[in-house]
Each structure stands twice: as structure tokens, then as C-alpha cells.
Amino acid sequence: MIVFDMEWNSGRYEKVRLNEILQISAVKVEGITILDTFNAYIRPKAHKRFSPPAQALPALEDCLRSDLDFSGAMARFLAWCGEDRLFGTWGENDFQTLKENLLYWKVEVPLPDTFLDLQAGFCATVGAKGAMALQYAVEYCRIPDIFDFHDARNDALYTALVSQYITPEELENCRRVPGPPGGRKPSAGLPKGRHWKGPFKSREELRSNRGCRLGVCPVCGTRTRVSSWAGGVKGPYYAPFTCPDHGPFLLRLDTAVSATGYLWGSNRVLEWNPANENRLRTAESKGEYPCRNTSRRRRGRYRPRKRK
């Protein structure tokens, strides 16, 4: 696995919309062994001014003195990677920024279709709510923080060390599809004439979405959310629901992948008839998928204020 990290300049207040990469660093990991490291400083060209975070980078002077441009740095990086194309980053921003720069500088390289969001995998392993900063993850794992943070070389090394704490199950669950390049709409390429909900990172997230689970009675508008689906791995999925006044209906959930690699879902209500009932039975024979987080939260007991 290649664990990489980057630093960039957003060029705040400038017309060019680009997170211009200034430093690319990476660590080659096999199991629990760090095999090799990579680092490249890139001389900035797109922006004339630096954003405040870029001004605070420890290696900014090294970037300004560098003779490498982005295409040259990428050539060295890919040559160093060799045949290994399993990339991992702390969060999703680095991979997306890399694709953004490739598009802006018109550099064509064979990037993988997916990458590992090691931040999500680590947070899921330790049960953290929300996204944990790398600095706090290092502290949680009791790794000595002897190097400065916000230097891509150091952050890549810290990320590689923290990734050793991720369970194999969560490591596979944190596989992500990169976002749309160059401001392209994530819904591009979906079938027309349908209302699509998304984007989603996984099919489990799609099936468990409250909007996708919502069945509305076509007669009176009564709203019901289903708690499980039946169907094949890639859908379509079916779930029965009942209106208290107008009887049973069938909710169908179709899935699609946009041109940018995102998952989307579109549901519709079908009438309950023999043909649709057979569709449900066929779907049930393929598999059942319970939705997560379907239990309602208990509300706190209301206590009136005491008047003074």
C-alpha cells in the first residue's frame, strides 16, 4: 500500500480555482513494515499569493527553491510507486486534490478507481464520532510526535503508523470512490426522468438513507420508512409497507453509478398486485439487507421550568 500526503495552496482571493499542490510525500507499506519513503517539493506556478495555511507550511521555502514542476513530480512519484496502485490517505481531500491538479495541468496518469480513506477506517475502528484529526489519532495511539505536523513527509509517516491500528474489516470498508474532477457535477451521467438521491459512498449507506427508505402512500400521502430491503447485491431492491387506510404497497429502490463514480438511489411506490408480489418473492430469494440506524432515538422527558 502507498500512503501519501500532500500540502497545497488554495490561492485564496485569486481568480484561479485550484488547490495547487506544493509537496507530495508517500510511504510504501507492506503489512506492518515500512519499506520506503518518497518526497518531492513543487515550485508554485498557478498562484501569485499564498493562503494563510500555505504561509505556515514548514517546507514552504523548500517548495520555492525547487526546480520541479507538477508533471515532473508526478513522473518521479509514479516511477517510485512501481506496480503498487493501492493508495491510502488521511481523509478524502488529498486524492480529490490530486485529481484536480492532474486535470488542471493536463497530466494523464493511470490512477486507481478507488482509494482507502484511512481516517474513516481508523475512526470506525476506535468508535470515534466524526472525523478525527491526524494529530489526535497519533496521540490516541501513543505514537511519539517528534516531527512537525502539516509537513507532507511527516504526515504520511504518521498516517502509515496510525493505519496499523485499523482492523482488516474496517480497512476494507474504508475503500472509497474519488469525487468528481474539476467541478464536474457528481450526478452527471445518471438516467434522466428520475429523482436521484445521493451521492453515497457504499450500498449500505444508500439502502439505509432515510430518503431512500421513505414510502409515501399514493392516495393519502401517509409516510412510512421501511427497515430492510430484499434483492440482489446491486439491486433493484424491494420492501413492502402498509398504509393504515389504504393497505399494502411495494417500495422499489433502483441504484445507479454516475459518470464520476458516485452511487445514487431512486425509489418509487408500486401497487400491490400479483406481479409485484412475485417480484418481491424473487428479490427475497436473492438476499435481505437490514437498514442500519433505523431505531428511533428516545426523547428526553419534558420537565417544565420552575417559576421563581
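## The chain as a whole

A residue is called buried here when its relative accessible area is under 20%. By that standard, buried residues account for 44% of the 308 residues in the protein chain. Please keep in mind as you read that this is a predicted model.

The protein chain contains 10 helices and 14 strands. Its C-alpha trace spans about 75 × 60 × 45 Å along the principal axes. If you take the contacts between residues at least 6 apart in sequence, 64% of them join residues at least 24 apart. The accessible surface adds up to about 18300 Å², and carbon and sulfur atoms hold 48% of it.

## Aromatic pairs

Let's turn to the rings. A pair of aromatic rings is described by the distance of the centres and the angle of the planes. This model has 15 aromatic pairs. One of them joins F4 and F95, with 6.4 Å from centre to centre and 45° between the planes, a tilted arrangement. The two partners come from distant parts of the chain: F4 belongs to strand β1 (residues 2-9) and F95 to helix α4 (residues 93-104), 91 residues apart. Both F4 and F95 are buried.

A second example is F38 with F77. Their ring centres are 5.5 Å apart and their planes meet at 50°, which lies between the 30 and 60 degree limits, so this pair is tilted. Again distant parts of the chain are linked, with F38 in strand β3 (residues 33-41) and F77 in helix α3 (residues 70-81), 39 residues apart. F38 has 10% relative accessibility and therefore counts as buried. F77 counts as buried because its relative accessibility is 1%.

These rings also belong to a wider group: ring pairs join F4, F38, F77, W80, F87, F95 and F115 into a cluster.

## Charges over rings

Two tryptophan rings have a charged side-chain end sitting over them. For W80, a member of the ring cluster, the charged end is that of K28, 4.8 Å from the ring centre. For W196, the charged end belongs to R194 and lies 5.6 Å from the ring centre.

## Helices α3 and α4

Helix α3 has 12 residues and reaches 16 Å from its first C-alpha to its last, close to the 16 Å expected at 1.5 Å a residue. Its buried residues are F70, G72, A73, M74, F77, L78, W80 and C81. The cover over them includes β1, β2 (20-30), β3, β4 (87-89) and α4. After α3 comes G82, with a positive phi near 70°.

Helix α4 also has 12 residues, and its reach of 16 Å is close to the expected 16 Å. Here D94, F95, T97, L98, E100, N101 and L102 are buried, so the list includes D94 and E100 as well as F95, L98 and L102. Among the elements that cover the buried residues of α4 are β1, β2, α3, β4 and β5 (115-117). Just after this helix, K106 takes a positive phi of about 55°.

## The nonpolar cores

In soluble globular proteins, nonpolar side chains tend to be buried together. The largest nonpolar core of this model has 24 residues, and those touching the most other members are F4, I24, F70, M74, F77, F87 and L98. Two or more residues of this core come from each of β1, β2, β3, α3 and α4. Helix α3 gives the largest share, 7 residues.

M74 shows what such packing looks like from one side chain. Leaving out residues up to four places away in sequence, M74 touches I24, L98, L102 and V109. Apart from the largest core lies another one, of 22 residues, with V29, A137, A156 and C174 among its members.

## A loop residue

To finish, here is a residue from a loop. A133 lies between α5 (118-126) and α6 (134-140). Its relative accessibility is 35%, between the 20% and 50% limits, so A133 counts as partly exposed. C123 is 10 residues away from A133 along the chain, and their C-alpha atoms are separated by 9.9 Å.

Notes: Residues are numbered from 1 along each chain as its sequence is written. This is a predicted model: local features need pLDDT of at least 70, side-chain atom pairs count only at pLDDT 80 or more; totals for chains, interfaces and linings use all residues. Side-chain values use heavy atoms; hydrogens and water are left out. Rings of Phe, Tyr and Trp (its six-membered ring) pair if their centres lie within 6.5 Å; planes under 30 degrees apart count as stacked, over 60 as edge-to-face and the rest as tilted. Helices (H or I, at least four residues) and strands (E, at least two) are DSSP runs, numbered from the N terminus. Buried means under 20% relative accessible area, exposed over 50%, partly exposed in between (1.4 Å probe, protein chains only). A charge sits over a ring if NZ of Lys or CZ of Arg is within 6 Å of the ring centre and within 35 degrees of the ring normal. The expected span of a helix is 1.5 Å times one less than its number of residues. Contact means heavy atoms within 4.5 Å. A nonpolar core is a set of buried Ala, Val, Leu, Ile, Met, Phe, Trp, Tyr and Cys residues joined through side-chain atoms within 4.5 Å. Accessible areas come from the Shrake-Rupley method with a 1.4 Å probe; for residues, only the protein chains shown count as cover.
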